[in-house]
Every structure is written in structure tokens, then in C-alpha cells.
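Open the model in your viewer and keep a selection prompt ready. The stops below go from single residues to whole chains.

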Amino acid sequence: MSQATAGHPVLDPTLALPFPQAALPVLRNPQLRKNVAHAIDVIQAKRARLVAEKTDWQELRSAASAIRAHAIENLGAYLEEFEAKCTAAGGTVHWAADAGEARRIILDLLRQENSSDVIKIKTMTSAEIQLNPFLQAGGVNVFETDLAEIILQLGEEEPSHIVVPALHINRSQVREIFARRMGLDDLSDDPQDLTAAARNYLRQKFLTIPTAISGANFLIAETGSVVVVESEGNGRMCLTLPRTLITLAGIEKVLPRFKDLEVMLQVLARSATGERMNPYNSLWTGVTPGDGPQRFHVVLLDNGRSSILSKPKQRQTLKCIRCAACMNACPVYRQTGGHAYGSVYPGPIGAILTPQLMQMHYAQSLPFASSLCGACYEVCPVKINIPEVLLELRAQVVNQERRDLGRFFDPMYLGLRIANLLFSTAWLFHASQFMGRIGLRFFTRGDGWIHSLPSVGGKWTQTRDLRGFPKQTFHGWWAARGRQSAKEAR
Amino acid sequence: MRASLFITCYNDTLFPETGRAVVRLLERLGVELEFHPGQTCCGQMHANTGFRAEAFSQAKRLVRLYQDTETIVVPSSSCVAMMRDQYPGLIDELGNESLRKDFAALLPRIYELSEFLIDRLGVEDVGAWFPYRVTFHASCHGVRALHLGDRPYRLLAKVRSLQLAPLPNVDRCCGFGGTFSVKNAEVSSAMLAVKLQDVVSTGAEFCTALDNSCLMHLGGAMHRQYAGMKTIHLAQILASTEASPAEGVS
């Protein structure tokens, strides 16, 4: 599989390359670009069809946005309500301030169960805290059960999308991974054969492993319930067969009331997979004697979220329900796929979420990984104004970098400071247009176009020409015309 | 009707023919056009690159410059989007009450060119003639920030001898994004390559738009690749008549 990614991608924001560099291997990989574009075009088309059939889609979006905004504005109270209700129903709630604490809590729980194996439902939050390598190092064998996650785990691949994590891998590549890792030499790449292979692999795990880890799509404060939606049913196996279930959830996942699901499940399924309803919607409350897991733990993860909550302009980031509509709509993601973002959260939401989870100490290139086209905001079912947050974070990065004296002569910074001075007075601006035309004459060819420029300009001319400055500016023309008509009037 | 033209910094410098076309077009339609000589930039480049203080100083300058102006016409959808979407936040954060009031009074008087023609002047047929096959690139800011909708198409439909070729994936970004095009030059170029395929597939001779920044990006690639197409701002098509055809077409 190494040929699919051209070098193993790093999804740890503290180690990842800046976005422009991390994107390069993908941009040069025809198979990967084709896989990504094809997959998201299919999802996009399904989403567009199912959104179009809802005549009240904009009202649904407004309702979903209001529910999420209210939950986030009152997060503390709803989390406490969730804890009380979940505990009363026989669950145990743990609070984890950061990734390390969450990992330790989960490993300790598994050790108390004397469990050397654990099965998992797809959970991006567990990828955020790098749970799998930690558990493996602690002596616990982790088995992913979501089809896409099995492909990634067996292929030693990294997720590139939050709903369809193996989106960058095509059918024949899946066949290769399964054949190699399951020892099935004559496996075909027919989807039925591939899913049959996965089923055989999984069935034994479901029937023998007594502990499971899940994420959560929603936590319901009013009832203390947890909601997981999925397409395969493998998740439901993990939620029902084991004797012990551990759910890891970001603190922002809470919904105030049970009836909020009416709105949220409609917008989530349509936005995420282009379905009217998710095929499997599992909902449970604590422990039910004699039915399902008899020990149930919820680990509530902060890991930077309360710091986002404390900033009014950025708080809307926490409304996210991880549907991935933004990345499917994003023209940048369509070219780069997910790995370039150096985080388990790629695409537009990743570009705002990752640097904030990192408290702006890492991933500073991500807020700039957008052309600000606004497609993400247009499709977001909870109306997160992603471009607005991107701009806010860009300003924070610039303010950080400005304190760095080494940046003083950085061409981009120098250029923007000078431009600001020039724009402050019309005559300075006009003088700079004149000087610019003189200066660029040297680079302008006989056909009137510039084919090559130095420094920052070279980033433009590496793939595009630039028309040379015209002889006369518009304001110059306007002034000359005024003089001419004044003369004629005399 | 009187209106003041805010030409924008890059049209003034790089695309004066667009400004000349706006003047010809609007004067032909009986608009008495003014041009404030003190104008420079709306601050979009600074705002989008994270230089908020600088963007604010330009926003403040623009609001003060135009505070007594009846109507402003801007032949650039992204600059209008800057004023509508970003000025309020910048002024809230860095401005005072008097600036806020002046801006609130100015805001409804700012029109993007196609808005001005259709919403203010109430014309769709501007008497234009442009005998070419043309495809229209709906710039991101025009579609998603200004919600221009079918305005540009209604204008194009009335241009004599013009053959409109629909652009596949019409609302997908061309990859310009201001400083994005140099900060993320490779990703921007990949987006441009995909866009150019769609544009070339229309078989049009011209690609038009309401924003010269997208057209500078697309036109730069067309020239580099000998794509056999040109870009032209919609104002230039609308200004073009049989008696006085558009500049720089052949």
C-alpha cells in the first residue's frame, strides 16, 4: 500500500509538515487524486439529491444550528445533567482533561477487565488521542470493526476522511490488503467478496472479545443516553455483544433533549452519507440487567475543547457534528485528500478545529489552507461559518508571527506592510503603480506578458503567466478624459 | 441617476479596460458617473491574509471617503463581499460608534455591477453586441457571498450574437483565493488545472466573470498553456456594441 500514499502520512499535528509541503506527494499521485475525487463526487451527488428533496432544508439547518449553539452555550450544565442521568442508569462517567488522561483511563478500565483484546467501533476521537498505539503498547490487542477502519488497520494506513476514513483507497487496493493480511490469495475485488471476507474476519472477534470501545455521535443530557449512528451494523455488534463497553466522547457532543434527535438525525444522515436515515441508529441508556453490556463507562474528553469554548468568535467550531459535508464540498480537499492536513480532522473543519485543539501552538498553516470559497459554510448543516473562523485564526497566526523578528524581512510580511502604507494615501498608491510598471518592464516580454518573476512572484509564475502592467491606469485615463472634455468645453 | 465608481486597486492597476468599459456602459445607460480620486483599496488582501489592523485602516478610509456618496458601483464581487461580510466585524472590533453608524448608512448604497444594473437600474438588455461563444465563471463571492443568482445570466442572455456555453461545475472555486495562490501555490495550481479543463471543455472563445481576480488566475493559465481562449470581464462584454466593439478582443 505504500504506493498509494507515497510516504507514510503523519496525522500528528505536532509532527506534521506544513500544509503546502504535506500536500505535494498527493498532488503528484494520480491514483490518490482520482480515488479522492471519485469518492467525494459520489457522496456529493447523493447529498445534493437528498437535500433537494427536503423543501424545508434551510429551516432544518437553522433548527440544527440553534440546537447546537444552545448546547454549546450551556455546555457545563448539560454535561452535568448527562453525568447525573447516565450515572443513575448504571453507567460510570469519567472526565479526561487531555488525551493522556483519556488514554490512561481507558487502559486502566481494560486492565480491570483483565482484557487483552478489545473491539472498536469507528471513532475519530480515539484517533485524535492516538488511543490504538497506546493500548497496543500497554499489552491490549485492538481490533477495528468498521469496514473502513479494518482496511486502514490491516493496510497500516492512516484515515483521510472523518466519515469515510479509507476514501483514498480503491477497491483493488482493498483486495490487495485483505488478500495479503487474511491470507486469501484468490480473493476477487468484487464488493460482495470483499465484505464477505471482512465478515468472516469479524464474526469471530464479535463472538469472543468481551470488551468494546465506541465513540458517540450524541450524548443526550435529558436522559443520559448515548447515540451512535452507522451504516454497517458492525457497530451495533460492538454495542450489544460485549460485557463491558467504554464510550469515548468529546464534551461538545451533548444535546439537551431527546427530541433534538428529530432534527439532528435528519441533517446528519443527509449531510454525511447522502441517506434519508442512517441504516443503524443505536441508542442506549446506562446498563440494562440481562441485556447488552453489564458494565458501561463514558469517558468525556476535553483535550482543548474548553479553551475553544472560552473564545466567543471561535466557539461555533464546537457545534460541529462531524458529518464531513464541508470536506466533501471543499475544492482544496478534493485535490489534496485528508493526509495533507496532518491531523485526523482534515478538510475545512479540520483547518479550524486542529489548530484550536492544539491551542494555536501547532498546525498554524491550516487556517491558510483554504481559498475562502465558502462552499463549506454553504453545506454545513449546523451553519458553522468556517470562513469567518479561518479569518479569525489567520489573524491570530499573523499576530504570533509578527512578534518573531526573523519574519520582519519575510517577503510576504514586508510586502503586506508596504502595501498598507501605499493604500493609505492615493498619491503614494499612484506612485507605486508607476514604479511597479517601470520595475516590471524588465520582466515583461515582447508579447506584453510576464512569464517569470523572482521571490513571492515566482510562486505565481511557476504555473501561470501574468499580464504586464498596462501603460495607463484607470484613474490616469479618467483624469485625462476629464482634462480633454474640459478643453473641448472651452 | 448619479453613481460613484469604486474601481478597486487591482482593476485600476492591472485591468483599466474593465473600468473604461464600466464607464462606457453606465454612461450609455444614462448614469452620471463620478470617480473619487482618493480611492485606493478595500482591504480585502490584508483581511484575508490575517492583517486585521491594516484591513481595518483601509476599511475606515473607504467608509470616510464615500460617506456622502449616494450610490457606489463596484465591478468586483469579492471586494463587495469584503465590505458586506468583513467590514462589520472589523468595525465592531476596532472601530468606534460613529464609524459604525456611517458604515451602516453606507452599506445599502454599495452595489456590485450586476446588482446595480438589475436591481437599481432595472435593465437586463443593455444594448450589447458580442459575437462570440462565451462561458461564465460564477466567482465564489458572487455565488455564495453576494448571492447574485441568475443576474449575470439574465444580462448575458440579452447580449446580441453572443452564444452562451454552460460551464460544468460552475460554482467550483478556480483556486485563486488571493494570497492563497502564492502561499499554497501548488494546491492552487491543482485547483486551477481542474477548473481550466472545465472551462476549455465548453469550446468557448471567452471566459467571463464579474471578478477580474479569478480571470487573472484563469487567464494566466490560458496564456501559459496556449489554451486558445481569453478572459474578459462581463462589463467589457456589456459595453461592447456593433458600432464600438470591446477592446482587446481580437
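In which helix of chain A is the place of S455(A)? S455(A) sits in helix α22 (residues 455-461) of chain A; helices here are DSSP runs of H or I with at least four residues, strands are runs of E with at least two, and both are numbered from the N terminus.

Before moving on, note that this is a predicted model, in which local features need pLDDT of at least 70 and side-chain atom pairs count only at pLDDT 80 or more, while totals for chains, interfaces and linings use all residues. Residues are numbered from 1 along each chain as its sequence is written, and chains are lettered from A and ligands numbered from 1 in the order in which they are written.

**Stop 1: single residues**

Stay on S455(A), which is exposed, with 11 other C-beta atoms within 10 Å. The count uses C-beta atoms placed from the backbone: 20 or more others within 10 Å make a residue buried, 12 or fewer make it exposed, and anything in between is partly exposed. Now add L301(A) to the selection and draw a C-alpha to C-alpha distance: the two residues are 45 Å apart in space and 154 residues apart in sequence.

Next, select Q130(A), in the loop between α7 (124-128) and α8 (131-137) of chain A. Its phi is positive, about 50°, although Q130(A) is not a glycine. Q130(A) counts as partly exposed, with 15 C-beta neighbours inside 10 Å.

Chain B has a residue to set beside it. S161(B) is found in the loop between α9 (151-157) and β6 (163-164) of chain B. The phi of S161(B) is near 65°, a positive value in a residue other than glycine. S161(B) counts as exposed, with 11 C-beta neighbours inside 10 Å.

**Stop 2: the sheet in chain B**

Show chain B as a cartoon and pick out the open sheet of four strands, ordered β2-β1-β3-β4, with parallel pairing. Strands pair here if DSSP finds at least two bridges between them. Which strands stand at the edges? They are β2 (32-34) and β4 (110-112) of chain B; each has a single partner strand, so one side of each is left without a neighbour in the sheet. On average, neighbouring strands of this sheet are turned by 35° against each other, direction ignored.

Zoom in on β1 (residues 2-5) of chain B, which pairs with β2(B) in the parallel sense over three bridges. Within this part of the view, S4(B) stands opposite E34(B) in β2(B).

Then add α7(B), which lies across β3 (72-74) and β4 of chain B and runs at about 105° to β4(B). Axes are lines fitted to C-alpha atoms, for helices over the stretch in contact, and angles run from 0 to 180 degrees between N-to-C directions.

**Stop 3: the domains**

Colour chain B by domain: domain 1 is 2-120 and domain 2 is 133-239. The bounds come from an automatic or database domain assignment. Their centres, taken over C-alpha atoms, are separated by 22 Å. The contact takes 28 residues from domain 1 of chain B and 22 residues from domain 2 of chain B, where contact requires C-beta atoms, placed from the backbone, to lie within 7 Å. On the domain 1 side, the elements giving two or more residues are α1 (9-14), α2 (16-28), α3 (44-49), α5 (77-94) and α7 (113-120) of chain B.

Do the same for chain A, where domain 1 is 57-145 + 210-306 and domain 2 is 411-489. Here the C-alpha centres of the two domains lie 57 Å apart.

**Stop 4: whole chains and their interface**

Select chain A alone. It has 23 helices and twelve strands, and its C-alpha trace spans about 100 × 55 × 50 Å along the principal axes. Of its 490 residues, 47% count as buried.

Switch to chain B, with 13 helices and eight strands. Its C-alpha atoms fill a box of roughly 50 × 45 × 30 Å, taken along the principal axes. Buried residues make up 60% of the 250 residues in chain B.

Finally, display both chains: how many residues does each give to the contact? Chain A gives 49 residues and chain B gives 52 residues. The side of chain A that touches chain B divides into 30 nonpolar, 13 polar and six charged residues. In this grouping Ala, Val, Leu, Ile, Met, Phe, Trp, Tyr, Cys and Pro are nonpolar, Asp, Glu, Lys and Arg are charged, and the others, Gly among them, are polar.

How values were computed:
Two residues are in contact if their C-beta atoms, placed from the backbone, lie within 7 Å.
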